[in-house]
Amino acid sequence: MGIYKQLFQNTFLYGVASVVPRMLSVILVPLYTDVLKSASFGDYAIIFTYFVIFNVILAYGMETAFFRFYNKETDKSKVTQTANWSIITTTFLFVILGFSFFDAVQSFTRIEPEILKLIIWILAFDALAIIPFAWLRANSKPLQFAVIKIINVGINLGLNVFLLIYLPKLAKHFPFFESIYFPEYEVHYIFWSNFIASGFTLLLLSGFFQKMKLSFNWQLWKAMMKYALPVLVAGVAFSINEVIDRLFLERLLPADIAKEQIGIYSACYKLGMFMTLFATAFRLGIEPFFFSHATSRNPKKAYALITKYFVIVGSAILLVVLVFIDPLKELFIRNESYWEAMKIVPIILLANLFLGIYHNLSVWYKITDKTRFGAYISSFGAVSTIVLNLWLIPIIGYVGSAAATLFAYSSMAILSYFIGKKHYAVPYAMSKIIAYLGVSILFSVLSFYVFRENYFIGIGFILAFVSLIYVFEKQELFALINKDKNEN
């Protein structure tokens, strides 16, 4: 099978498996905005902020290190065992410390004790699943990967729907359901659903753990940690860029409106997930490709090609979503009280596109084992996010948070490009990339701010953009398709 055909098949299979869980957060937005008051949705968003940050800390870059060393070492079992025992040990310590200092953690985070206990266990279950899922990806088992991920989503979604919609109705008629239903308990039910789904997922991966041996290579672990720690710093910085604005909004806005504002901001922010979902699918399909083709005859050409087509598809998604943003708004956010924050959606979509571009450009420091540069660049983004949130939130509220996100991600992409030119020069088609991105942004701005809900003009913009791509890329696309056929 040709490498490009294999690449896009992997992107689809792993993308479906990994995008579906992320789609859950979008799918649940109509339910949450129907059931939860905006202040309660704000509570959920704040709790989710800590969830995201600690997910990154508990992974501490070991997944990325696993892929790097799995493709580098001849003894792949040694890499798997070492990485998995490392995660198991640190997760065990996390649970012990979490419950030992429970009162202090609860006081700092202001999360209700019962929810906090659930979060500790959810984080532990998810951490233990990291290496098993990475092993499935590394060994080209996308179907098994996808089935387990989709089962997780099905359980989580099913429990959310049952607990938030049907349980209150059943409690009125049946004593058993009345005994397990608690009014004003909606946020608790959300995390109970997550807890059960994560626990069942770990059970489905139990076959991987049954094959584990008491094998741990200290020298390999030190090398993996040296590679992983800068990734951890970068990951924490990314999580700051992604979610820390909710904590700043909570503390910088007036107390009487803070959670409500966080709720409407977070709900509309979810519409930016369309870009995140695409970028995630693309990254999960391509990251193993990056490493496995790092020593091929011309990997730089492949990286340049992949990045160009990422920008093309991402730019098209930006335009399509903003042309049809109002039907999407009514579909996903049915409660009009949340629509106040719709003005942030173009900013967040563009920010997430730049984040995806950054992920593609970041191949240079992963391939050259210079992951410290990833930490430097993402730390710059995190500092920018913090400074701009502190400056802009008191002036323009959550719009300032969205603007900070856009600045952070776009500056990270630009920095990665220029620094990468010095260390691992990839022949990116920058003139085309800038042109396609510029045209998409121009059409998107016109569609959203000038011709809003004018679908005749909006669809015209889409057709014009697609025609532009066809004219300038058809020759290369046909050549790639023919090459792939010949390799078969």
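These legends go with four close-up views of a predicted model. Local features need pLDDT of at least 70 and side-chain atom pairs count only at pLDDT 80 or more, while totals for chains, interfaces and linings use all residues. Residues are numbered from 1 along each chain as its sequence is written, and side-chain values use heavy atoms, with hydrogens and water left out.

**View 1. The largest nonpolar core takes in 133 residues.** Such a core is a set of buried Ala, Val, Leu, Ile, Met, Phe, Trp, Tyr and Cys residues joined through side-chain atoms within 4.5 Å; buried means under 20% relative accessible area (1.4 Å probe, protein chains only). Tyr32, Met62, Phe191 and Ile357 have the most contacts inside this core. Helix α12 (residues 218–252) chips in the largest share, 14 residues; helices here are DSSP runs of H or I, at least four residues, numbered from the N terminus. Apart from this core sits another one of eleven residues, including Leu319 and Phe461.

**View 2. Here's the company Tyr32 keeps.** Skipping neighbours within four places in sequence, Tyr32 is in contact (heavy atoms within 4.5 Å) with Phe41, Tyr44, Asn160, Leu164, Ile190 and Tyr338.

**View 3. Helix α3 (residues 62–72) is mostly covered.** Eight of its eleven residues are buried, among them Met62, Arg68 and Tyr70.

**View 4. Helices α2 (residues 38–59) and α6 (residues 113–128) cross at roughly 35°.** Their axes, lines fitted to C-alpha atoms over the stretch in contact, with angles running from 0 to 180 degrees between N-to-C directions, come within 10 Å. On the α2 side, look for Ile47, Phe51, Phe54, Asn55 and Leu58; α6 brings residues including Ile115, Ile119 and Asp126.

Note on methods
Buried means under 20% relative accessible area, exposed over 50%, partly exposed in between (1.4 Å probe, protein chains only). Helices (H or I, at least four residues) and strands (E, at least two) are DSSP runs, numbered from the N terminus.
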